[in-house]
Amino acid sequence: MSLLAIDCGNTNTGFAIFEGETCLGSWRTSTNAARTADEYAVWLSQLLALNGLEHSDISEVIIANVVPETAFNLHQLCTRHFRVTPMVVGSGDVDPGIDILIENPKEVGADRVVNAVGARERYGTPLVIIDFGTATTFDVVDASGGYAGGVISPGIALSLEALYRSAAQLPRIAITPPPSGLGEPGRVIGRTTRQAMQAGIFWGYVGLIEGITSRIVTEFGAPMTVIATGGLAPVFARHLDVVDHVDHDITLRGLVLIHRRNRDRSAGSTP
């Protein structure tokens with residue numbers, strides 16, 4: 001029997017099926033609070049079938065969700081269509097297995113906790129995890145393995161959309177590095193409005209990421225491993241000296257680890 005891991009973010013919701021440590025299939029859809037449990041079920045049924053799976057193969061579910069409006073329909077998907085009561089990260093009865101060392105632990109988004117758990121297991125400590133999502137977040141795991149806080153800044157897509165909507169004569173552009181000249185990594189001085197916007201957005205975020213990460217490491221006072229995750233991580237990582245690894249799987253890995261911990265605790269095998 002298999003585990004369904006659901007990662008509901010502000011922009012996209014990911015679904016992945018695991019048998020032990022092996023991912024049997026993963027899919028993403030846009031996050032939509034109006035999507036019903038039945039709509040999720042129909043969509044998932046087709047994708048499961050393409051991988052030779054059925055609803056009946058799913059015996060357990062874990063959810064990390066930062067969009068409260070979707071919680072009811074995701075819960076209904078689990079209970080009505082999979083006949084499973086899901087574990088929900090952030091609920092009082094699910095132990096994430098990491099100390100939350102901030103003033104109000106309930107303020108930390110489930111996705112940030114799960115990322116910290118997943119990255120810590122693979123890369124050790126201390127860590128900085130940069131997640132290129134709707135917001136660009138920087139999360140710190142200290143040397144003892146606790147979640148020590150972080151930084152939240154607007155995501156690049158939000159900034160780009162705000163620029164387009166607020167300035168009447170600026171076009172909508174894609175998030176790409178500015179064009180390169182011969183032997184150049186990418187121009188900073190734009191020769192067209194589009195190039196100027198690309199340079200401002202792209203190199204502006206490179207500067208933001210490098211600057212904040214450097215300040216975190218200086219404040220922490222010791223070398224740290226820096227992990228980049230999220231859809232735009234590969235686009236930026238090769239232009240960033242501060243990033244050590246790009247890893248798209250830390251959220252799902254964290255969900256699997258948290259599920260295993262709580263399943264084992266329920267069975268009495270975890271102290």
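This is a friendly conversation about how some labels are earned in a predicted model.

Visitor: Why is the pair of Phe202 and Trp203 called edge-to-face?

Guide: Two values decide that. The ring centres of Phe202 and Trp203 lie 5.1 Å apart, and a pair needs centres within 6.5 Å. Their planes meet at 85°, while edge-to-face asks for over 60 degrees. Both conditions are met, so the pair is edge-to-face.

Visitor: What makes Phe202 and Phe236 a stacked pair?

Guide: Here the centre-to-centre distance is 4.6 Å and the angle between the planes is 15°. Stacked is the word for planes under 30 degrees apart, so Phe202 and Phe236 fit it.

Visitor: Where along the chain do Phe202 and Phe236 sit?

Guide: Phe202 belongs to helix 5 (residues 193-220) and Phe236 to helix 6 (residues 233-237). They are 34 residues apart, and the pair links distant parts of the chain.

Visitor: Which residues form one aromatic cluster, and how many aromatic pairs are there by this rule?

Guide: Phe132, Phe202, Trp203 and Phe236 make up one cluster. The count of aromatic pairs is 5.

Visitor: How do you know that Phe202 is buried?

Guide: Its relative accessible area is 1%. Buried means under 20%, so Phe202 qualifies. Phe236 is buried too.

Visitor: What about Ala64, and what makes it buried?

Guide: The reasoning runs along similar lines. Ala64 has a relative accessible area of 1%, and the limit is under 20%, so Ala64 is buried. Ala64 is found in strand 4 (residues 58-65). Leaving out residues up to four places away in sequence, Ala64 touches Ile6, Asp7, Cys8, Val89, Ala110, Val114 and Leu255. Val88 is 24 residues from Ala64 in sequence, but the C-alpha to C-alpha distance between them is 6.1 Å.

Visitor: Why is strand 9 called mostly covered?

Guide: Strand 9 (residues 225-229) has 5 residues, and 4 of them are buried.

Visitor: How do you know that strand 9 pairs with strand 6 and strand 10?

Guide: Pairing takes at least two bridges between two strands. Strand 6 (residues 127-132) and strand 9 run parallel and are joined by 5 bridges, so they pass. Ile130, for instance, has Ala228 of strand 9 as its bridge partner. Strand 10 (residues 245-246) shares 2 bridges with strand 9, also in the parallel sense, so this pairing counts as well. There, Ile227 stands opposite His245.

Visitor: Which residues lie closest to the centre of the largest pocket?

Guide: The largest pocket holds about 970 Å³ of space. Of its 34 lining residues, Arg28, Asp131, Phe132, Gly133 and Gly230 are the closest to its centre. Elements giving two or more residues to that lining include strand 3 (22-30), strand 6 and helix 7 (250-267). Strand 2 gives the most, with 4 residues.

Visitor: How many lining residues of the largest pocket are polar?

Guide: The lining has 16 polar residues, along with 12 nonpolar and 6 charged. Gly counts as polar here, so Gly133 and Gly230, both in the lining, fall in the polar class.

Visitor: What lines the second largest pocket?

Guide: That pocket has a volume of about 290 Å³. It is lined by 13 residues, and those closest to its centre are Gly90, Ser91, Pro105, Lys106 and Val108. By class, the lining divides into 8 nonpolar, 4 polar and 1 charged. Lys counts as charged, so Lys106 is the 1 charged residue there.

Note on methods:
Residues numbered from 1 in each chain as written. Predicted model: local features only at pLDDT ≥ 70, side-chain atom pairs only at ≥ 80, totals over all residues. Heavy atoms only, no water. Buried < 20%, exposed > 50% of the residue type's maximum accessible area, 1.4 Å probe, protein only. Phe/Tyr/Trp six-rings, centres within 6.5 Å; stacked < 30°, edge-to-face > 60°. 1 Å grid on protein atoms, 1.4 Å probe; cavity = no way out; pocket = protein on both sides within 12 Å on 5 of 7 lines; lining within 4 Å. Points joined across faces, edges and corners; volume = space filled by probe spheres on them. Contact = heavy atoms within 4.5 Å.
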